[in-house]
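Student: Could you take me through one part of this model in close detail? I would like to see how a single residue sits among its neighbours, and then what surrounds that region.

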Amino acid sequence: MAEAVFTPDAPAPVGPYSQAVRAGNTIYCSGQIGLDPQTGAMVGLPDDVEAETTQVLHNLGAVLKAAGATPSHVVRTTIYLTNLGHFDLVNRLYGEMFGTGVLPARACVQVAALPKEARVEMDAIAVLVFPY
């Protein structure tokens, strides 16, 4: 049985989807962009990709926490960038969150555009080792 995950510590979805869905011990996190969950405003616009990426990771971490997971439970991520020129910066910040233990499998792709003028979006799949 699937269960929707919601936390006010991450932005409310901007469309008809859940922040995450938990199915058994697997958590499927929707893509997170750099929206401030308190104000709904994009962080880092127009040119602070570091602040935006930090907010993306904060949002993703909040969704994982609400689902009973931590970054160490993540087995797969996808990073979407509107400019692969930001790869090194985003990769460094990503490594601060996911850079220990068994590293998640990952894809990183450049896309033409993202919602709300975002330049970075990340999604994740996590597997809980121990039922909670």
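**A close look at Leu35**

Tutor: Happy to! Leu35 is buried, because its relative accessible area of 6% falls under the 20% cut-off. Please keep in mind that this is a predicted model.

Along the chain, Leu35 belongs to the loop that links strand 3 (26-32) with helix 1 (49-66). Leaving aside residues up to four places away in sequence, Leu35 is in contact with Pro11, Val14, Gly40, Ala41, Met42, Gln55, Asn59 and Lys116. As for Ala66, 31 residues away along the chain, its C-alpha atom is separated from that of Leu35 by 17 Å.

Leu35 also helps to line the largest pocket, together with Pro11, Ala12, Pro13, Val14, Tyr17, Gln19, Gly31, Gln32, Ile33, Pro115 and Glu121. That pocket holds about 150 Å³ of space. Sorted by class, its lining has eight nonpolar, three polar and one charged residues.

One lining residue, Glu121, leads us on to the strands. Strand 6 (residues 120-127) runs antiparallel to strand 4 (residues 74-81), and seven bridges join the two. Within this pairing, Val120 is the bridge partner of Leu81. Strand 4 is also joined to strand 5 (residues 105-110), this time in parallel, by six bridges. There, Arg76 stands opposite Ala105. To get from strand 4 to strand 5, the chain passes through helix 2 (residues 87-98), making a right-handed β-α-β crossover.

Notes. Residues are numbered from 1 along each chain as its sequence is written. This is a predicted model: local features need pLDDT of at least 70, side-chain atom pairs count only at pLDDT 80 or more; totals for chains, interfaces and linings use all residues. Side-chain values use heavy atoms; hydrogens and water are left out. Two strands pair if DSSP finds at least two bridges between them. Helices (H or I, at least four residues) and strands (E, at least two) are DSSP runs, numbered from the N terminus. A crossover is right-handed if, with the strands pointing away from the viewer, the path from the first strand over the helix to the second runs clockwise. On a 1 Å grid over the protein atoms alone, a cavity is a set of points where a 1.4 Å probe fits but cannot get out, and a pocket is an open set with protein on both sides within 12 Å along at least five of seven lines; lining residues have an atom within 4 Å of a point. Grid points are joined across faces, edges and corners, and a volume is the space filled by probe spheres set on the points. Ala, Val, Leu, Ile, Met, Phe, Trp, Tyr, Cys and Pro count as nonpolar, Asp, Glu, Lys and Arg as charged, and the others, Gly among them, as polar. Buried means under 20% relative accessible area, exposed over 50%, partly exposed in between (1.4 Å probe, protein chains only). Contact means heavy atoms within 4.5 Å.
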